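Please open the model in your viewer and keep the selection panel at hand. We will go from stop to stop, and at each one you select something and look at what is there.

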Amino acid sequence: MSQSTAVGDPVSSDSAVPREKLEEIYDDIRSHVMFDHELYGCLNCGICTATCPSAHYYDFSPREIVQLLWTENLEAIHDAMQEKIWACAQCYTCAARCPFHNSPGGLIMIMRETAIKHGMQSAKDVLRPFSRVLMKLVATGNQLAPNMITPDAFADWGPNIAKVNAPLNVLRKAIPVPTLHTMDTAWEVNIRTSIELYTIWEATGVLDQLETIDENLFDVISDVMDEKRADYADWLEEQQAD
Ligand code: SF4
Ligand code: SF4
């Protein structure tokens, strides 16, 4: 294939991906700070796939992904980023078993980060259902809350739902840790901790990635963060006045 050839399925109406774009994506994967720690070589032995839980349920093989990277198959790497990389459960069983000490799960995480950086539709589609989780995390500092565990929300638990159909507000008060005496959040998060978390997200580029993937969600989350920071500034002022 010549350097200027565009890659595309001849029976698909999707636009072809220019060679330059494929190289840009691969360069981003290859230059990731973790790449050389995750890939040392590959025997193509398939031990990773044999032990991978996701490979049992999906059309997905960590061996295949590692081989694509090892052989620098740019077209197939791009293709795998459209769906397959999102099947990984990030359990790292593969990393524990690989005789070459590769981490297929770690390589997939790098590919996911790159998919987000390039605003790929696959990343947008996969991450969209998590917007509610992210909002809760930003607003409260944690994700699941006791008041979310209701029989209606977990109907698929069958008879086991009886285990959560209990007076949680009373039971939580019995826990000898005051920050767990809450129902709206899993535990009470100190506002300063939340502010520190926002600073980490900004410094590490997490918020930039979010803006690439979902601009509306980024705007809403930025507003929540601004409000929390204002609350914190007010609280600090009150402390100094006392
Ligand atoms: S990544 Fe490791 S376990 Fe998987 S095929 Fe290659 S050498 Fe084998
Ligand atoms: S980290 Fe991903 S690729 Fe590795 S075993 Fe787990 S699900 Fe499979």
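Which residues are the closest to ligand 1, and how many surround it? Select ligand 1 and you will find 14 residues around it, the closest being C42, C45, I47, C48 and C98, where a residue counts as near if its C-beta atom, placed from the backbone, lies within 6 Å. This is a predicted model, in which local features need pLDDT of at least 70 and side-chain atom pairs count only at pLDDT 80 or more, while totals for chains, interfaces and linings use all residues. Residues are numbered from 1 along each chain as its sequence is written, and chains are lettered from A and ligands numbered from 1 in the order in which they are written.

Next, select α3 (47–51) and α5 (62–70), each of which supplies at least two residues of the shell around ligand 1; helices here are DSSP runs of H or I with at least four residues, numbered from the N terminus.

Now turn to the largest nonpolar core, a set of buried Ala, Val, Leu, Ile, Met, Phe, Trp, Tyr and Cys residues joined through C-beta atoms within 7 Å. Among its 27 residues, I65, L69, M81, I85, L107, M111 and A115 touch the most other members, and α8 (104–117) is one of the helices that supply at least two residues, giving the most to this core with 6 residues.

Finally, select α8 alone: 10 of its 14 residues are buried (20 or more other C-beta atoms within 10 Å of their own), so α8 is largely enclosed by the rest of the structure. Just after α8 comes G119, whose phi is positive, near 60°.

Note on methods
Buried ≥ 20, exposed ≤ 12 C-beta atoms within 10 Å, placed from the backbone.
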